[in-house]
Amino acid sequence: MPDIGSTANPLRVAIIGAGPAGFYTISNFLKYKELTVEMDLYDRLPTPYGLVRAGVAPDHQKDKSVTRAYAKSAEQPNVRFYGNVEYGKHLQLADLQAHYHQVIFTNGAPTDRDLGIPGEDLQGSHSATDFVAWYNGHPDFADHQFDLSQESVAIVGVGNVAMDVARILCKSYAELAETDIADHALAALKNSQVKRVYLLGRRGPAQAAFTPPEIKEMGELAEAEVTVPVEEAQVDAISQQYLDANPDKNVEKNIGFITDYSRRVITGKDKLLTLRFLVSPIEIIGEAGHVAALKLAKNAITATADGAIRPSATGEEEILEAGLVFRSVGYQGIPVSNVPFDAKKGTIRNIEGRVVDESGEAVTGLYTAGWIKRGPSGVIGTNKHDGDAASRQIQEDCTDGGKAGRAGLEELLANKSVRWVDYSDWQKIDEAEKSAAAEGAPRRKLTRIPEMLAVLDG
């Protein structure tokens, strides 16, 4: 039999998850001109691009421009997209292993971590991930309800996702109407009664996880202003000492914006966004089964014996009134059918991308990349390194014989009456969304799978 990777015997790779990590795996494979490889990209939704479509904020269109590069990869003759095909339901691991030399899981981390405090299950307490997916038009969340009749909202966390949630809640209807926010979310936010939004960070300004562009943007909203309590905007001595020894331009910029906001005079715009630092929620308080307030513990920054900076409770507490709470303290992966999983880390069990069993032995032909490999860290471009590593590992490890690849899989899917969506089908859905857009908006998203398939049926 001809060598794997030759024209007569292509290396056949299945990629599960059509988000950034999946597309970067493809683009890195395409660099190896001497290798003949067929790559098939599977996703349970009819739409590709993962969190770029369903996670990136609708008012951050520039961040979505990366899909142009993904499109170039998808349009290569040796690449196929199979949307509306769900791993674990339509395809099992054994199916993929029978038809492909290698399988790589790039299916992300779709859930939020819990706070682990009393009252977290009250009505009005939500995952920020759910809210983000709702306003971005993810089909799984199109029918979710969020009680925007509440005047006060608390968001636990000060990362970029928390900032996105706060900004969407604070933006005016006119600002949101120029984005690709889902119609159902735009309508609900138009009638929102939210007046006060609180962002809660357990550490100080020097440890805030948001980036300078995100915090800068908060001070530029048309109908909302931002403030920070003066005492919480100050950098503590321990953090300042660390920064003096380890300068960081982004941290310095963040502190500059925070300091500026703490000095601003409140002018009385419709909405007020308050950034809080050195506070940790220890209980969500309810009334009649609904969120009514948060009990917060006040913290101080301390240094451990090994030099790590940590928040420690001072013993002082306060009550913050809020009728709606979003937790945004990190994404988390969920187990993947028949693939070794590390429940503690929330990732597929792996060593540098090679899937391993509990004993640490590599599972032949299985790989992972992106958040489901390393946890929810970095930004979209961080996945490039994972994609490069995965493509190199797969080539190094390839020792099996011939596989049927996509021809066999298409027959299997057809026998199961699975309606898959290829990339040309997605382009029709994409064009339908763009054509239906309101004036000034980039697209009008289809938010239900039957609506998307109806476009393909004419």
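V153 sits in strand β7, which spans residues 152–156. In this predicted model, V153 has a relative accessibility of 0% and therefore counts as buried. Setting aside neighbours within four places in sequence, V153 is in contact with L169, V194, R196, V197, Y198, A322, L324 and F326. One of these partners, V194, is 41 residues away in sequence, yet the C-alpha atoms of V153 and V194 are 7.1 Å apart in space.

Two of the contacts of V153, L169 and F326, lead to the interior of the model. L169 and F326 are among the residues with the most contacts inside the largest nonpolar core, together with I155, L199, F210, L273 and L275. This core has 44 residues. Which helix gives the largest share of the core? Helix α6, residues 160–170, supplies that share, with seven residues. A second core, separate from the one just described, has 33 residues and includes V52, V66, F81 and I429.

L199 shows what the surroundings of a residue in the largest core look like. Apart from neighbours within four places in sequence, L199 is in contact with I155, G157, V158, A162, M163, A166, L273, T274, L275 and R276. M163 also appears among the contacts of E214. E214 belongs to helix α9, residues 212–218. Is E214 buried or exposed? With a relative accessible area of 7%, E214 is buried, since a value under 20% counts as buried. Beyond residues up to four places away in sequence, E214 touches H60, N160, M163, D164 and R167.

The next part of the tour concerns helices α3, α16 and α17. Helix α3 covers residues 67–74, and its buried residues are T67, Y70, A71, S73 and A74. These residues cover an arc of only 160° around the axis, so they lie on the same side of α3. On the face turned away from that buried side, α3 carries the exposed residues R68 and K72. The buried residues of α3 pack against α1 (20–29), α2, β3 (79–82) and α16.

Helix α17, residues 449–456, has M452, L453 and L456 as its buried residues. Viewed down the axis of α17, these fall within an arc of 95°, so they line one face of the helix. They pack against α2 (51–54) and α16 (423–435). Both α3 and α17 therefore have buried residues that pack against α2 and α16. Just after α17, G458 has a positive phi of about 85°.

How do two packed helices get described? They are described by the angle between their axes and the distance between the axes. The axes of α16 and α17 come within 9 Å and cross at roughly 105°. Helices α16 and α17 are therefore roughly perpendicular to each other. On the α16 side, the contact is made by D425, K428, I429 and A432, and on the α17 side by M452, V455 and L456. By kind, the residues of this contact divide into five nonpolar, no polar and two charged. M452 and L456 are also buried residues of α17, and I429 is included in the second core.

Some residues in loops have their own features. S65 lies in the loop between α2 and α3. With a relative accessible area of 30%, S65 is partly exposed. The C-alpha atoms of S65 and E321 are separated by 39 Å, and the two residues are 256 residues apart along the chain.

Two residues other than glycine have a positive phi. For N84, phi is near 65°, and for E352 it is near 50°. N84 is in the loop between β3 and α4 (93–99), whereas E352 is in the loop between β18 (350–351) and β19 (354–356). Which of the words buried and exposed applies to N84? N84 is buried, with a relative accessible area of 13%. E352, at 64% relative accessibility, counts as exposed.

How values were computed: Residues numbered from 1 in each chain as written. Predicted model: local features only at pLDDT ≥ 70, side-chain atom pairs only at ≥ 80, totals over all residues. Heavy atoms only, no water. Buried < 20%, exposed > 50% of the residue type's maximum accessible area, 1.4 Å probe, protein only. Helix = DSSP H or I, 4+ residues; strand = E, 2+ residues; numbered from the N terminus. Arc of directions from axis to C-beta. Contact = heavy atoms within 4.5 Å. Core = buried A, V, L, I, M, F, W, Y, C linked by side-chain atoms within 4.5 Å. Axes fitted to C-alpha atoms, helices over the stretch in contact; angles between N-to-C directions. Parallel < 35°, antiparallel > 145°, perpendicular 65-115°, else oblique. Nonpolar A, V, L, I, M, F, W, Y, C, P; charged D, E, K, R; others polar.
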